[in-house]
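This report describes the overall build of two chains, the contact between them, and the core and domain arrangement of one of them.

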Amino acid sequence: MEKILDKKRLDDWAAALTNYEVQAPSQEDGIWGFQPVNGPVRLDHTNTKQPPKEFAFPQREVFFTFEQIKGEAPRLTQVLPQAPRHAVFGVRPCDGRGVPRMDKVFNDHVEDTYYNTRRKNVAYVGLACNKPPSANCFCLSVGGSPVSTDGLDVLMTDLGDRYFVAAVTDAGKALMAEAAKVFSEPSATDQKQVKQAHAAAVAHPQRAVNNPDQAPAKLKASFKSPLWDELARACIGCGICTFLCPTCHCFDINDEVHGKAPLKGQRVRTWDNCQFPDFTMHSSGHNPREGTGARLRQRVGHKFQYFYENFGMHQCVGCGRCITECPVGIDIINVVNKVAENAA
Amino acid sequence: MINLKDVRDAARDMLAKGEVRAVIGYRRGSRGMFAEPAFLDRPEEADELVWDPTCFHNLSLYLVHDRKHLAHAGKKSGAPVAIVAKGCDARSIVVLLQEHYFGRDDVYIIGVSCEGTGVVDERKLARHLNGAQASNAAFDGDDFVFTTAQGEKRLPAREVMADRCLECRNPFPKEHNLVYGEDKTGRQLEAPFAALDRFEAQGAGERWENWARHFDRCIRCFACRSVCPMCYCDECVVDSITFPISTETTADEKANRIRWIERSAARSENITYLMTRAMHLAGRCTDCGECDRACPVNVPIRLLNTKMEKEARDQFGFEPGASIGGPSLVASFLDKDPGEFIR
């Protein structure tokens, strides 16, 4: 399904989605983030600081509550997410490509009820990148594209005074069907212009991971490379690179106790992070990933080797957030290229 | 005006003579014009050093890393480590020396004066460049000069400088072994605590509304803690697993460890974390602004720290990082202190 949407009618589309909580990028305190739409939708963002992964994988998820009266057996009550249906506008194609990667992680071997309950209620409305939103974009070199539809339900392309809107999935068609009247049929000129816009988007120069197909083998051969320590020398061990990543999915599980008599609390899942020194700390005090080099190797290896070995694709989608936001200049493009160049 | 060649020559010379184990400075990163921390072990690497308005990092953090590595490896320090330090960075080193984190002979301070300016705030700069990418940044008097694809862009430094630089009381590193650049002590583009005073001019309701929004936004990536040279504790109150464990620690003890702050990035936990950190920095924070810069979600952490700094100044006339021999705020008291409990 391909339609034309006059920019003036974008708000009408959003307003027609009464069965959804509509989310779109807005700026608060200088930060672009997805917020419930409460006013006009303006898709003039670069990219959001955080990817839209929170809709299926929030930073905090309650699994169950527990209560135990002294002397009695503990009572557990499962808490399934009660998330509304979300229509998320303004998703960049790199972040869209993050979605199927997360789907794999949370459905391989074990189907994660919490993730899937949320995930099936999210529709991702993508916005093609006519220009790279960041100087550190590198989607093209990791198999993506600024006009990729992978993981999206709808892809919108900005054609100046109107959007070219293409449904990618049935969920996308349903979103468009909710407001059939706001759309019009694309003309031959529209079709020509969207092709031109996409060709121009793909032609924009970007930074690049060199020979990404060879990266898994090169990284595998470089497990013991001294370069890891060298490249991670400045690493401060914070969680920016992974917490802002559209495909990082590691988590921790803790019991949060809210009362002692009776014992009451919640078992919660929260994001965790392979760059934190305590991530791999054993209760003995031994830490198998002692230094920043081993931890950088883990992050980069996961993106460009281990995930590839497991699922046949790079986990990294080239959004560039980890590069732009690193306080000390650690640059995953540079790391992969340097390690690969020096591989045996 | 600092002549970069002088800094490089000095670094090369001390590495060649083996007077220092390493030189910690700045070099051009792989990400456009921005500088990144550089660790030089060999004299031939000295030409990598740069000095420009993107040298915003407080490198004294890496002196702390170095001590931790040495301790972990059970090694003695040997020759000192040289470090390029701005005024605020040098004051951080002074605090670390006051706290005996290392000795004066363990560090060789290559001071660099920010002279009439300071370093850039990446967010302010991005707004001024309006989407254009700069490939180089340079100091030029009261201006910063950026090279972009559209040509040279000259901006008055004060428009793109970090807030802490605008309020900086001393851009000159008083404590040093070697120093480059002019001493422009007393140069202040804004009054001390100007940003804090602006914030505090709001009513309590408005202040709370703002802080609630900021606290809610915190994602607990701990970049503020990780980037801070003063946050050197081996055990941090927020890390639920770093409590002392021995072979005698029972499973029950491990399970019942005290957790002051849950891992959930919830408002109550975020407040406890950020306020605890601010309290632990009282009298120690030299307003290098790294926590504020590193925060990916723009939590104005600096306001919390400068609030503590202002309290220390108003209550005790205390200025952090002023002199190595000087007292530290929380490890000293005055005979004339009105509080009986402390005397």
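Which radius of gyration does chain B have, with 343 residues? The value is 21 Å, which agrees with the figure near 20 Å for a compact globule of that length; the radius of gyration is taken over C-alpha atoms, and the globule rule is 2.2 Å times the number of residues to the power 0.38. This is a predicted model, in which local features need pLDDT of at least 70 and side-chain atom pairs count only at pLDDT 80 or more, whereas totals for chains, interfaces and linings use all residues. Residues are numbered from 1 along each chain as its sequence is written, and chains are lettered from A and ligands numbered from 1 in the order in which they are written.

## The two chains

For chain A, with 344 residues, the globule rule gives a radius of gyration near 20 Å, and the computed 22 Å agrees. The table sets out further values for each chain. Helices (H or I, at least four residues) and strands (E, at least two) are DSSP runs, numbered from the N terminus. A residue is buried if 20 or more other C-beta atoms lie within 10 Å of its own, exposed if 12 or fewer, and partly exposed in between, with C-beta atoms placed from the backbone. Two residues are in contact if their C-beta atoms, placed in that way, lie within 7 Å.

| Chain | Helices and strands | C-alpha extent along principal axes | Buried residues |
|---|---|---|---|
| Chain A | eleven helices, twelve strands | about 70 × 60 × 40 Å | 45% of 344 residues |
| Chain B | 13 helices, eight strands | roughly 60 × 50 × 45 Å | 43% of 343 residues |

Among contacts with a separation of 6 or more, residues 24 or more positions apart account for 74% in chain A and for 70% in chain B.

## The contact between the chains

Chain A and chain B each supply 34 residues to their contact. On the side of chain B, the elements that give two or more residues are β2 (35-40), α9 (223-226) and α12 (290-294). Of these, β2(B) gives the most, with three residues. By class, this side of chain B has 16 nonpolar, ten polar and eight charged residues. Here Ala, Val, Leu, Ile, Met, Phe, Trp, Tyr, Cys and Pro count as nonpolar, Asp, Glu, Lys and Arg as charged, and the others, Gly among them, as polar.

## Nonpolar cores

A nonpolar core is a set of buried Ala, Val, Leu, Ile, Met, Phe, Trp, Tyr and Cys residues joined through C-beta atoms within 7 Å. The largest such core has 127 residues, of which A:Val336, B:Ala82 and B:Ile83 touch the most other members. Helix α3 (residues 87-98) of chain B gives the most to this core, with seven residues. Because domain 1 (1-130 + 160-188) and domain 2 (191-324) of chain B both give residues to this core, it lies between them. Leaving aside residues up to four places away in sequence, B:Ala82 touches B:Ala11, B:Met14, B:Val20, B:Val23, B:Ile24, B:Tyr108 and B:Ile110. Another core, of 40 residues, lies apart from the largest one and includes A:Val125, A:Leu127, A:Val147 and A:Val182.

## Domains of chain B and helix α3

The two domains of chain B have bounds from an automatic or database domain assignment, and their C-alpha centres lie 24 Å apart. Their contact takes 23 residues from domain 1 and 21 residues from domain 2. On the domain 1 side, α2 (60-73), α3 and α6 (163-166) of chain B are the elements that give two or more residues, and α3(B) gives the most, with nine residues. This side has ten nonpolar, five polar and eight charged residues.

Helix α3(B) is mostly covered, since twelve of its twelve residues are buried. Among these buried residues are B:Asp89, B:Arg91, B:Ile93 and B:Leu96. Their cover includes α2, β3 (81-85) and β4 (107-112) of chain B. The end C-alpha atoms of α3(B) are 17 Å apart, which agrees with the 16 Å that its twelve residues should span at 1.5 Å a residue; the expected span is 1.5 Å times one less than the number of residues. Just after α3(B), B:His100 takes a positive phi of about 55°.

## An exposed loop residue

B:Glu44 lies in the loop between β2 and α2 of chain B. B:Glu44 counts as exposed because it has 10 C-beta neighbours inside 10 Å. B:Glu44 and B:Ala11 are 33 residues apart in sequence, with their C-alpha atoms 9.7 Å apart in space.
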